[in-house]
Amino acid sequence: MEEQFESYRNHLLAIAYRMLGSLTDAEDAVQETWLRLYRSDRNEIENLGGWLTTVTSRICLDMLRSRKARREESIDDHATENFANYEYRYNPEQEALLADSVGLALLVVLDKLNPAERMAFVLHDIFAVPFSEIAPVVGKSELATRKLASRARQKVRGQETNSQADLDRQRKLVDAFLDAAYAGNFDSLVAMLDPDVVLRDDRETGVRTETRGAISLAKKVSGHAKAAQVALVNGCIGAIAAPGGKLLYVIQFTIKDGKITEVDLISNSARLEQLNLTILSD
């Protein structure tokens, strides 16, 4: 039994990680699946792979619902403090590999779906599980489950509120800004900023502080955008910092006449919950 279970472990871990967004939680879910298998009557299990997938999915769904019901801290609450201690509580290398295989942006967006939507989307769109098998897991009809997946799919893909041409221009500017910040290219940063640009940052005290002026902002961000990557934030090009799949902060940009006029760096969990974050294809 143990050998058979181990042959499915990586598959179950992949499912659980996409459901829960945490390697530790995913491993707990897979371990609970093993315990349930150990206590079960193997003669009643006709399709072991299907049985394990279903059980793991139900465990993950219970964990997601419990997390939401208890208003458990999300992955972004006190993110800076948590990330500082990350290497002592997890296996960073293993989780980084998992996060890269999933896509950091996808993990962030999945975190915005409700548990049933997340379950339907992950099982069907990522692992090709039929809706007829997903429906009993989420406790809905097959038609309702299809609607859940469709709604989740729309959220993941995003509803663009700007024209594609505007988005392309915004993306080029933000990409260039992040590259210049990463490289510490001070002159390039200043050239992309409006002279009266303002940066609002809530990371230090939870209360937003402001930095005004292109030169002051360029000095503040130069060499400090290593974790940021471009994403769609409320329909506009922005950026997220999510090393290892853990959302640290979101950056919103206001762009006028080809210059960045406002930069809002958001790490407060309550404010992050109100943002619509969407994956951008390369």
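Modeller: A residue is called buried under 20% relative accessible area, exposed over 50% and partly exposed in between (1.4 Å probe, protein chains only). This is a predicted model, in which local features need pLDDT of at least 70 and side-chain atom pairs count only at pLDDT 80 or more, while totals for chains, interfaces and linings use all residues. Residues are numbered from 1 along each chain as its sequence is written, and side-chain values use heavy atoms, with hydrogens and water left out.

Colleague: Why does Arg146 count as partly exposed?

Modeller: Its relative accessibility is 42%, which lies between the two limits, so Arg146 counts as partly exposed. Glu142, with 35%, is partly exposed as well.

Colleague: What makes Arg146 and Glu142 a salt bridge?

Modeller: The term asks for a side-chain nitrogen of Lys or Arg within 4 Å of a carboxyl oxygen of Asp or Glu, and here N to O is 3.3 Å, so the pair qualifies. The two residues lie four apart, about one turn, in helix H10 (residues 142-157), where a helix is a DSSP run (H or I) of at least four residues and a strand a DSSP run (E) of at least two, numbered from the N terminus. In helix H2 (residues 23-39), Glu32 and Arg36 are also four residues apart, and their side chains form a salt bridge at 3.0 Å, N to O. Eleven salt bridges are found in the whole structure.

Colleague: Why is Arg200 called buried, and which parts does its pair with Glu210 tie together?

Modeller: Arg200 has a relative accessible area of 17%, which is under 20%, so it is buried, whereas Glu210, at 46%, is partly exposed. Their closest N and O atoms are 3.8 Å apart, and because Arg200 lies in strand S1 (residues 193-201) and Glu210 in strand S2 (residues 209-212), the salt bridge ties together parts ten residues apart in sequence. Through shared partners, salt bridges join Arg200, Glu210, Arg212, Glu262 and Asp264 into one network.

Colleague: What makes H1 oblique to H8?

Modeller: The axes of H1 (residues 2-20) and H8 (residues 115-126), lines fitted to C-alpha atoms over the stretch in contact, come within 9 Å and cross at roughly 140 degrees, on a scale from 0 to 180 degrees between N-to-C directions. Angles under 35 degrees are roughly parallel, over 145 roughly antiparallel and 65 to 115 roughly perpendicular, with the rest oblique, so H1 is oblique to H8. Residues in contact (heavy atoms within 4.5 Å) include Ile15 and Met19 of H1 and Val122 and Leu123 of H8.
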